[in-house]
Amino acid sequence: MKISTWNTSLKIRLIGEMLFNLLYWMYFPFITYYFGSALGNNIAGILMTIPPLIGIIGIIIGGNLADRLGRRAAMLIGTSIRTIVFCIFALSDSYWLSYLAFVGIGLGGALYGPASDAMIADLIPQQARKRVYATFMTANNIGAVIGPVLGSFFFFSYRSELLWACTIVMLVYTIIICVKVDESMPNYSRKRINLKSISSGFKEEWKGYGEIFRDKVFLLYILGGVSAVIAIMQLDLYLSVYIINYVPSQKLFVWNNYSVALDSKEIFAWMLVLNGVLFVFFVLPITKLLKNWTDRNVFILSAILAGGGMFLVGFTTNIWVLFILTIIFTFGEIVRAPVINNFVSNYAPEHARGKYMGAARLQFTIGRFLAPLTVFLAEWISPMGIFSVILFFAFMSAILYIKLYKSYERYTTGMTEPGVRKKM
């Protein structure tokens with residue numbers, strides 16, 4: 001991909017989002033412990049189910065704002081909310097106020113996300129989108145790798161300073177977006193917006209979302225994505241339960257009289273590190289390697305690697321085999337990352353691109369909401385039973401993606417009715 005593909009707006013966003021994600025991952029992995037230590041783990045567990053539900057609402061509203069007010073305006077609203085609630089979080093001495101601020105951070109991100117995705121689709125020609133999405137994915141995962149390591153020190157020793165740093169970064173980023181980032185929405189015209197027009201507009205937009213989910217092609221895409229996310233999310237959910245409860249402490253290697261041994265928690269921690277490092281270094285090369293593959297075949301490959309690799313974990317407790325399987329199911333996650341938004345950017349009509357990007361993000365929110373069911377079922381089902389459930393969802397995603405592209409092919413060749421997509 002030539003550097004000319006990147007204009008100033010995209011360069012600013014790449015740096016800004018990379019820096020914010022680094023700070024985000026310095027506190028996010030420890031937030032459940034933070035609330036659990038004060039309010040109790042049961043209450044904290046219940047509280048952690050609310051942000052995904054708020055995120056669903058935020059994503060839908062964010063998609064509406066991106067199409068009505070423009071990508072830049074929607075992004076500014078999201079970053080402004082994040083700046084304010086980070087400030088509240090930094091000043092708070094109440095766990096409940098801190099929790100509300102945490103929910104607000106998620107809401108701001110949900111409002112920002114659809115406009116961010118839509119701007120890439122607006123600015124980048126179709127043949128280069130996979131590479132650009134992969135680059136943003138790489139930048140985000142740099143934070144996911146480094147952030148928890150730094151956060152294990154800063155969050156517990158300098159939490160207030162960390163949250164103030166997040167506040168300052170978001171404030172500066174908001175100002176830069178306001179000054180330097182240009183609007184990218186096709187046929188954009190600046191309009192005077194009042195509350196009445198927004199209210200009436202939202203009624204129309206909610207109706208539009210109902211039409212989106214009656215679009216059979218797009219609904220297959222969402223269902224396939226939800227099934228895939230349920231399987232992929234198990235790295236952070238059931239896999240931790242399995243490794244900690246069933247994998248014994250063992251030696252990583254022995255050299256002369258020197259050896260390094262890891263307990264189950266350390267083994268799982270290194271699996272997470274390996275997952276993150278692979279993402280950072282291989283998203284772009286894998287995207288380039290598979291550039292001539294169809295999105296359909298990439299999704300099928302992803303299901304085989306992610307589901308198969310995760311399923312095989314249930315047959316072993318050996319540390320090195322676990323690391324090899326981590327590589328396999330991580331590559332299953334890596335190969336699909338650049339093509340997730342590629343389908344939507346190609347399929348969505350220009351005038352509704354923000355809404356479609358917002359609706360597409362629901363697959364992650366719904367998947368994250370349903371994925372913890374494996375941990376719940378683990379009380380009654382054996383590990384191999386749970387890994388079989390994970391494999392089922394992975395392969396179900398492959399079947400749904402096959403049906404998706406068959407339906408999409410019939411649509412593009414005019415063999416079916418255009419559907420609601422043209423009516424919006």
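A residue counts as buried under 20% relative accessible area, as exposed over 50%, and as partly exposed in between. The exercises below apply this to a predicted model.

**Exercise 1. Assign Leu-373 to an accessibility class, and place it in its surroundings.**

Step 1. Leu-373 has a relative accessible area of 46%, and because this value falls between the two cut-offs, the residue is partly exposed.

Step 2. In the secondary structure, Leu-373 is found in helix α17.

Step 3. On the surface, Leu-373 belongs to a nonpolar patch that also takes in Leu-53, Phe-369, Leu-370, Phe-376, Leu-377, Trp-380 and Ile-381, and the accessible area of these residues together is about 760 Å². Two elements, α16 (353-370) and α17 (373-377), give two or more residues to the patch, and the largest share, 3 residues, comes from α17.

**Exercise 2. Determine whether Arg-13 is buried or exposed, and list the residues it touches.**

Step 1. Arg-13 lies in helix α1, which covers residues 8-27.

Step 2. Its relative accessibility is 0%, and since the limit for burial is under 20%, Arg-13 counts as buried.

Step 3. Leaving aside residues up to four places away in sequence, Arg-13 touches Met-75, Tyr-112, Ser-116, Met-119, Ile-120, Phe-136 and Tyr-173.

Step 4. Met-75 from this list reappears among the buried residues of α5, the helix treated next.

**Exercise 3. Compare the span of helix α5 with the expected value, and state which of its residues are buried.**

Step 1. Helix α5 runs over residues 71-91 and has 21 residues.

Step 2. At 1.5 Å a residue the expected span is 30 Å, and the 31 Å from the first C-alpha to the last is close to it.

Step 3. The buried residues of α5 are Arg-71, Ala-74, Met-75, Leu-76, Gly-78, Thr-79, Arg-82, Thr-83, Val-85, Phe-86, Phe-89 and Ala-90.

**Exercise 4. Find how many disulfides the structure holds, and classify Cys-87 and Cys-178 by accessibility.**

Step 1. A disulfide is a covalent bond between the sulfur atoms of two cysteines. A search of the whole structure finds 0 disulfides.

Step 2. Cys-87 has 23% relative accessibility and therefore counts as partly exposed, and Cys-178, with a relative accessible area of 40%, is also partly exposed.

**Exercise 5. Describe the protein chain as a whole through its secondary structure, burial, contacts and surface.**

Step 1. The secondary structure comes to 18 helices and 2 strands.

Step 2. The chain has 424 residues, of which 52% count as buried.

Step 3. Among contacts with a separation of 6 or more, 84% join residues 24 or more positions apart.

Step 4. The accessible surface comes to about 20200 Å², and carbon and sulfur atoms account for 65% of it.

Note on methods: Residues numbered from 1 in each chain as written. Predicted model: local features only at pLDDT ≥ 70, side-chain atom pairs only at ≥ 80, totals over all residues. Heavy atoms only, no water. Helix = DSSP H or I, 4+ residues; strand = E, 2+ residues; numbered from the N terminus. Buried < 20%, exposed > 50% of the residue type's maximum accessible area, 1.4 Å probe, protein only. Contact = heavy atoms within 4.5 Å. Areas by Shrake-Rupley, 256 points an atom, 1.4 Å probe, with all protein chains shown as cover. Patch = residues over 30% accessible without salt bridge, like charges linked within 9 Å, V, L, I, M, F, W, Y side chains within 5 Å. Salt bridge = Lys/Arg side-chain N within 4 Å of Asp/Glu carboxyl O. Expected span 1.5 Å × (residues − 1). Disulfide = S-S within 2.5 Å.
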